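Thank you all for coming. I would like to take you through a structure that is new to most of us, so please have the sequence and the view in front of you while I talk.

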Amino acid sequence: MTLYGVGLGPGDADLVTMRGKRVLERADVVYSPGRLSRSVATEHVPEERIGDLDFPMTRDEDELRRAWKAAAAEIAPRARDGDAAFVTLGDPNVYSTFGHLRRTLAAFHPEVDLEVVPGVSAVTAFATALGVEVAAGERLALREAARGAAPVGPDRLILFKVTDAPATHEGLTEAGYDVVYGRRLFMEQGETVVTDDPSEIDDRDYYTLAYAEKRGAGSTPATAAFEAEDASNAAESDAEPTAKTDGGSAASGLGGTERAEGEAGGDDPRTEDGGRR
């Protein structure tokens, strides 16, 4: 049968895709690598169909390989005999633990069929929460900023795992970036915080992201002209009229405006004697 890698989105159970929801509802067993992903999955799957996996909190690569090999050995027979799912926050292919499982299955259980169900990634959720638009043609890089790292490069960066915001902030601002932070965005667990003050999030939290943009890097898309035009029109409409409004000549041009509007509406611009107004 099939193992499905299901992206749960950023943490709010309502942001699981319809396809992801259908897969979770019909899977024989759903495996979760952590508490947060489990809490989202249980909004769609009864507890008795949630499978447990043990992942040690370590950087020792040998121990991690042993853990993933054990996880693959647990999952493979369930995926051969029926449908199983492995859930992860965000998208399975973006800064996710799912890649470790896929590589381990390919090495030791190549007979297991695998299908990925994409989810709303932290990148797009973060940009939405902060009102950040990444316009066409702009360069954007994804970086990890754990333990105070301050990676630089392109004009725009989205940083994952900002666990020491003050140190990261210092490095980025010195390099000419403006920075805004978001913590636990679209998550039902914990406090959501959006701030440009790193002291407000100086405690370590794995689910903190940052958006950094070099000063002066803002682009001007074609439709930005509408905003300037609206502002200009608003300023004109607020000004007190200083001219006649009977179609005659006027210092402020209102007469010309009336004639133009009349012509646009189908009025004949000629006078009764055949001349032009």
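Let us begin in the loop between strand E8, residues 177-183, and strand E9, residues 193-195, where we find Phe-186. In this predicted model, the phi of Phe-186 is near 60 degrees, which is a positive value in a residue other than glycine. As background, most residues other than glycine have a negative phi. Is Phe-186 buried, partly exposed or exposed? At 33% relative accessibility, Phe-186 counts as partly exposed.

There is another residue to set beside that one, namely Arg-147, which lies in the loop between strand E6 (140-144) and strand E7 (156-160). Arg-147, a residue other than glycine, also has a positive phi, near 55 degrees. Its relative accessibility is 58%, and so Arg-147 counts as exposed.

Let me now turn to the sheet. Five strands form an open sheet in the order E3-E2-E4-E1-E5, and the pairing is parallel. Strand E3, at 50-52, and strand E5, at 113-117, stand at the edges with a single partner strand each, so one side of each is left without a neighbour in the sheet. From one strand to the next, the twist averages 30 degrees.

Looking inside the sheet, strand E2 (residues 29-32) pairs with strand E4 (residues 83-88) in the parallel sense, over three bridges, and Val-29 has Ala-84 in E4 as its bridge partner. Helix H1, residues 18-26, packs on the sheet and touches strand E1 (2-7), E2, E4 and E5, with a direction that makes about 135 degrees with that of E1. Helix H4, residues 98-108, packs on the sheet as well, touching E1, E4 and E5, and its direction makes about 165 degrees with that of E5.

Finally, I come to the largest pocket, which holds about 1,900 Å³ of space. Which of its 50 lining residues are the closest to its centre? They are Met-57, Thr-97, Lys-161, Tyr-206 and Tyr-207. At least two residues of the lining come from each of helix H2 (35-41), helix H3 (61-81), H4, helix H5 (122-130), E8 and strand E10 (208-214), and the largest share, five residues, is supplied by H3. Helix H4, then, packs on the sheet and also supplies residues to the lining of this pocket. Sorted by class, the lining of the largest pocket has 23 nonpolar, 14 polar and 13 charged residues.

Technical notes. Residues are numbered from 1 along each chain as its sequence is written. This is a predicted model: local features need pLDDT of at least 70, side-chain atom pairs count only at pLDDT 80 or more; totals for chains, interfaces and linings use all residues. Side-chain values use heavy atoms; hydrogens and water are left out. Two strands pair if DSSP finds at least two bridges between them. Helices (H or I, at least four residues) and strands (E, at least two) are DSSP runs, numbered from the N terminus. Axes are lines fitted to C-alpha atoms, for helices over the stretch in contact, and angles run from 0 to 180 degrees between N-to-C directions. Contact means heavy atoms within 4.5 Å. Buried means under 20% relative accessible area, exposed over 50%, partly exposed in between (1.4 Å probe, protein chains only). On a 1 Å grid over the protein atoms alone, a cavity is a set of points where a 1.4 Å probe fits but cannot get out, and a pocket is an open set with protein on both sides within 12 Å along at least five of seven lines; lining residues have an atom within 4 Å of a point. Grid points are joined across faces, edges and corners, and a volume is the space filled by probe spheres set on the points. Ala, Val, Leu, Ile, Met, Phe, Trp, Tyr, Cys and Pro count as nonpolar, Asp, Glu, Lys and Arg as charged, and the others, Gly among them, as polar.
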